Amino acid sequence: MSPVFLIFVPMLAAILVPFLFKKIKNMHTGWFVLAIPLALFIVYASFVPVTMKGEFIVSELQWIPSLGINFISYIDGLSLLFSLLITGIGSLVVLYSIYYLDKNRESLHNFYVFLLMFMTAMLGVVQSENLIALYLFWELTSISSFLLIGYWFTRDRSRFGALKSMLITVFGGLLMLGGFILLGIMGHTFSIRELIGQTPELASNPLFILALVLVLFGAFTKSAQFPFYIWLPDAMEAPTPVSAYLHSATMVKAGLYLVARLTPIFAVSSTWIWLVTGIGLFTLFWGSLFAAKQKDLKAILAFSTVSQLGLIMSLLGAGSIAYHVDNAANSVFKFAAFAAIFHLINHATFKGSLFMIAGIVDHETGTRDIRKLGGLMSIMPVSFTIALIGSFSMAGLPPFNGFLSKEMFLTAILALSDFNLFSFDGLGSLFIVFAWVASVFTFVYSFYFLFHTFAGKHKPEELPKQAHEAPFGMLLPAGILGLFVIMIFFIPNVVGNAFIKPAVAAIQPFLYQTPSDIDITISAWHGFNTEFFMTVGIFLLGGLLFWTLEKWRKAYDLVPNSLNSLYDGMRYMSETGANRFSNWYMTGYIRTYLIYIFTFLIAAVTGTLLLKNAFVIDFESVSSISIYTIIVIVILIAATTAILFARSRLTAIISLGAVGFSVALLFVIFKAPDLALTQLVIETVSVALFLLAFYHLPEISRNEVRMRFRLRNALIAFGVGVTVTLVALASFAQKAFPSISEFYKETVETEAGGGNIVNVILVDYRGFDTLFEITVLAIAGIGIYGMIKLRLSRKENKLENK
Amino acid sequence: MEIIMAFVIGFLFMAATYLFLTKSLLRVIIGTGLISHGAHLLILTMGGLGGKIPPVLTNGAANGDYADPLPQALILTAIVISFGVTAFILVLAYRAYQELGTDNMDMLKGDDNNE
């Protein structure tokens, strides 16, 4: 099967899940699901020899070829590493979930459908070679993550966390789409490989920096970087298998993947290096600082994930510097990218196992509150061992893999301080301080997590359940990950050759021909160099801080949780603000809306006249003024004025009649006999109708009042009048073409056989108008009949009478 | 003549707009009557008011100084349509008086309990 179809295998399998769940009751649905990631893992593992040689596998599925949008699966070292993480940890998580979720109480069909959907989305993100397809899968991860966080949808906190993560990641995702589209505009292609090929032209484009920042928004929101990390702790309301899978090992690394994948395009820019390294380091510092504040096991792990993602991000940023230094192959910056990938693998192993342990503790004791836990070491010895491996690795202790990657991290950061490109000088030492303090706090929270859960005094009276060791099936996946943690420490170079070097070759393709050119070997012992003393310092100070934890932890209470309140405040403000805005301008009075309409009309029309310099008066082509016309006009104006000042409505109605008859007279004067006839008849009928309406006025409004003068209304009315006059004058003065009426005059007798041109136009030349005008009258007649005859509302409760 | 007419039409529009902004429903409808008159006169004026003979051929002479027939045909259509609409609105207002017992536009606003 072509590798591009493998992406869709979990999605297709998801269709079967509900049937399996409904039909096969006595077997946990997870067992069927387990086969899929396992099979995919084996298939992907078979590609490792290909990528080790630096080759890649491309397969394509046409989607919208006319727009250059296709599903292209591009498997090189980087995407294969991620695919293996996704399917490998996916298998372990499914196995874990079989024991974690009860088959009788939980709606498993939902759970596994969402999970498989997520797996497809994630495989699509890491393998897509087309930016638009990548975006599609990217949003699918957001949606499936939303569904998984809100899995227990009857809980308020779950829905809150799901919504928060959705809003933040979709916000970033949409900005990222903007960045992708800009890239597409600049490079005339959505293919990542083709874009990498035209890096120099892209970098000189003025849109380049904008595209860069927009893409980083997507990566930072997804990978929970500062200040967008706030959704991750709230996403811990998801079932623990989900937290272990999505929020430690896979989805939150999508942002890292994106940064790594696009490094060959963007690394030429110093903005990229600054943002990625700076934000990454600050996130590392911030996350580690607040992890020890948390009281919930999963919250500690969430902040720790934030912090470790920041670490990897900063290493990727440092790795981008390799694009700027001469002789980069010998510099330490190629080392940074290597360290980033190495730590990414390590983090996936130890954080996955730690989440599973947190889930086991929750499952077997009934609480995740670290204040209630303690002394579980003798009750849950296996869980304790696995937790110890994970925590020590996270803290950076030997003999676990975290130690190796932390050493490499320190080496890379030390190298940053010697670096003085892009006015880095001086700031480099600040970076070291940040990184070192963050490492100290990492040590503290790792120990805090481990010992406050498993050591100390057992408090059985505070636990909802009688604590006991977890079933074997739950411990197995955590144990496998723990085993990897130790294994990688002892055979780092096997892992390096098989997975890390091909991935690094994808991030820094210009440095190496094949992955085997990378001459980095990982060794646990470097001798007595700066890194060694820094590590010793971390252990000493970290140990001291952990020992005195209870004494200084109160300092956390002084720090306000400002970023979450900022988010809540923004949501509150936007909701109430929008409400207030609507209430302010949607008053419910027709008059208000008319004022808006008229004001806009005046502003738009007179504004255009002024700006376009369009106002002209033409005195040349005007016709002569006759005395009769003036008399009629005076009557017309007098009648109109009378309407405005009339005390009684009857006067107003009569005056309107007078206006109508003066208009008819004007028609007579201006040689329009048919118009005059119609106008006379219709005005008569209209006045009769007005009188009818007047006659039926309700008693309460019979006490007639003169209209009260309102300056605002008068000003608007005056503005409308002036606008109409100006438009009339200007358009009369600037006639572009002569009338087509000459044609009617010449052909009315010969072609249509009539003499009255107006009538012939109405029924012959432009008969369609007349047809529909007749229809209008018919509809009006039927409508009036209906209004008078139909009285449906009478039967209902009469709410309208006040 | 056209320039004077432009001012007359502007005055009609002004009066109509002022009536639209009042409270009484009947006055609003009177405003629609005025604005239709204004619009009809505007069409006629824009066609030019210079014609000396009504657009009816006498003895088949096609070359006289006729008034422009096209605007007249357009106005005729517009008059009929505005009449239909005015009649409809008037009966609607009449029904509103019957049902709601008020012609005050401010009282025709729904509130939270009664929308």
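User: Which residue does L61(A) stand opposite in β2(A)?

Analyst: Keep in mind that this is a predicted model. Strand β1 covers residues 57-64 of chain A and strand β2 covers residues 69-75 of chain A, and the two pair in the antiparallel sense over seven bridges. Across from L61(A), in β2(A), stands F71(A).

User: Which residue in the turn of the hairpin formed by β1(A) and β2(A) has a positive phi?

Analyst: Four residues lie between the two strands of this hairpin. In that turn, a positive phi of about 70° belongs to G68(A).

User: Now to chain B: how do its elements run from the N terminus on?

Analyst: Chain B has zero strands and three helices. Read from the N terminus on, the order is therefore made of helices alone, α-α-α.

User: Is chain B compact or spread out?

Analyst: For 115 residues the globule rule gives 13 Å, while the radius of gyration of chain B is 20 Å, well over that value. The C-alpha trace spans about 70 × 25 × 20 Å along its principal axes. So, set against a compact globule, chain B is more spread out.

User: How much of chain B counts as buried?

Analyst: Here a residue is buried when its relative accessible area is under 20%. The accessible surface of chain B comes to about 4,000 Å², with 63% of this belonging to carbon and sulfur atoms. Among the 115 residues, the share counted as buried is 59%.

User: How far apart do the centres of the positive and negative side chains of chain B lie?

Analyst: Chain B has 9 negative and 5 positive side chains. The centres of these two sets are separated by 6 Å.

Note on methods
Residues numbered from 1 in each chain as written. Chains lettered and ligands numbered in written order. Predicted model: local features only at pLDDT ≥ 70, side-chain atom pairs only at ≥ 80, totals over all residues. Heavy atoms only, no water. Rg over C-alpha atoms; globule rule 2.2 N^0.38 Å. Buried < 20%, exposed > 50% of the residue type's maximum accessible area, 1.4 Å probe, protein only. Areas by Shrake-Rupley, 256 points an atom, 1.4 Å probe, with all protein chains shown as cover. Lys, Arg positive; Asp, Glu negative; His and termini not counted. Charge placed at Lys NZ, Arg CZ, Asp CG, Glu CD. Pairing = 2+ DSSP bridges.
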